[in-house]
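Visitor: I would like to understand how the words used for a protein model are justified. Could we go through some of them slowly, with the structure in view?

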Amino acid sequence: GKKIIFPGEENCVWTYDEVAGQYYYHQFYHFEPDLDVANPDVREEVKRVIDYWLSFGVSAFRVDAVSHMIEPHQAMQPMVSHDPHYILRELRSFTSARRADCALLGEADVDPQELRSFLGDGDEMHLLYNFLLNNFLFLTFSTGQAEPLQRCLRILPSPPENAQWVNFLRNLDELD
């Protein structure tokens, strides 16, 4: 089974919907069903939503839990299951083709060695929240020592030329 992200808040990653008469999957809360981004129809609908907001001049999109978005699902198409980052490249390509100055800001709170993969070769997320720096910065503040911050800067991968980290001091997910 899939890991429950909020143990104590949720008992299961599957919830039954009375109206649809079937279960749906949710990695987080039961009121936040996951989108099956491996399904081309779902990706087309995401593109329609992006187009809609771009028509109003939106200049950036926050892509929540991007690391969970590309986790292999049993129903993934063969082309996507061998390369789950395909979904992110497709999203970047689509968005950039419609508005070259639009940014995709991803949330990927993963191990340092995995971080750069969400920026790709400059063809996935434009920006990533820098959770790693945030955590080490709080450690630096709490100890009064610069070493944790220095260590973070040594292990933080360099982004590609056309991507960047978003550094922040406060966040609801901080200190996890």
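Guide: What follows is a set of questions about a predicted model, each answered by setting a value against a cut-off.

Visitor: Why is K47 called buried?

Guide: The word buried is used for a relative accessible area under 20%, and K47 has a relative accessible area of 14%, so K47 is buried.

Visitor: Why is E44 called partly exposed?

Guide: Partly exposed covers the range between under 20%, which is buried, and over 50%, which is exposed; E44 has 37% relative accessibility and therefore counts as partly exposed.

Visitor: How do you know that E44 forms a salt bridge with K47?

Guide: A salt bridge needs a side-chain nitrogen of Lys or Arg within 4 Å of a carboxyl oxygen of Asp or Glu, and in this pair the closest N and O atoms are 3.1 Å apart, so E44 and K47 form a salt bridge. Both residues lie in helix α1, three residues apart, which is about one turn of the helix.

Visitor: What makes the meeting of E90 and K47 a salt bridge?

Guide: The distance from N to O is 3.5 Å, which is within 4 Å, and therefore the pair counts as a salt bridge. This pair links distant parts of the chain, with E90 in helix α4 and K47 in helix α1, 43 residues apart. E90 has 16% relative accessibility and so counts as buried.

Visitor: How do you know that D51 forms a salt bridge with R98?

Guide: The closest N and O atoms of D51 and R98 are 3.1 Å apart, within the 4 Å limit, so the pair qualifies. Here too distant parts of the chain are linked, since D51 is in helix α1 and R98 in helix α4, 47 residues apart. D51, at 32% relative accessibility, counts as partly exposed, and R98, at 44%, counts as partly exposed as well.

Visitor: Which residues are joined into one network by salt bridges that share partners?

Guide: They are R43, E44, K47 and E90. A search of the whole structure finds 12 salt bridges.

Visitor: Why is W53 called partly exposed?

Guide: W53 has a relative accessible area of 41%, which lies between 20% and 50%, so W53 is partly exposed. W53 is found in helix α1, and together with V49, Y52 and F56 it forms a nonpolar patch on the surface, with about 440 Å² of accessible area together.

Visitor: Which residues touch the most other members of the largest nonpolar core?

Guide: Among the 28 residues of that core, they are F118 and M125. Helix α4 gives the most to this core, with four residues.

Conventions
Residues are numbered from 1 along each chain as its sequence is written. This is a predicted model: local features need pLDDT of at least 70, side-chain atom pairs count only at pLDDT 80 or more; totals for chains, interfaces and linings use all residues. Side-chain values use heavy atoms; hydrogens and water are left out. A nonpolar core is a set of buried Ala, Val, Leu, Ile, Met, Phe, Trp, Tyr and Cys residues joined through side-chain atoms within 4.5 Å. Buried means under 20% relative accessible area, exposed over 50%, partly exposed in between (1.4 Å probe, protein chains only). Helices (H or I, at least four residues) and strands (E, at least two) are DSSP runs, numbered from the N terminus. Patches are made of residues with over 30% relative accessible area and no salt bridge: like charges are joined within 9 Å, nonpolar side chains (Val, Leu, Ile, Met, Phe, Trp, Tyr) within 5 Å. Accessible areas come from the Shrake-Rupley method with a 1.4 Å probe; for residues, only the protein chains shown count as cover.
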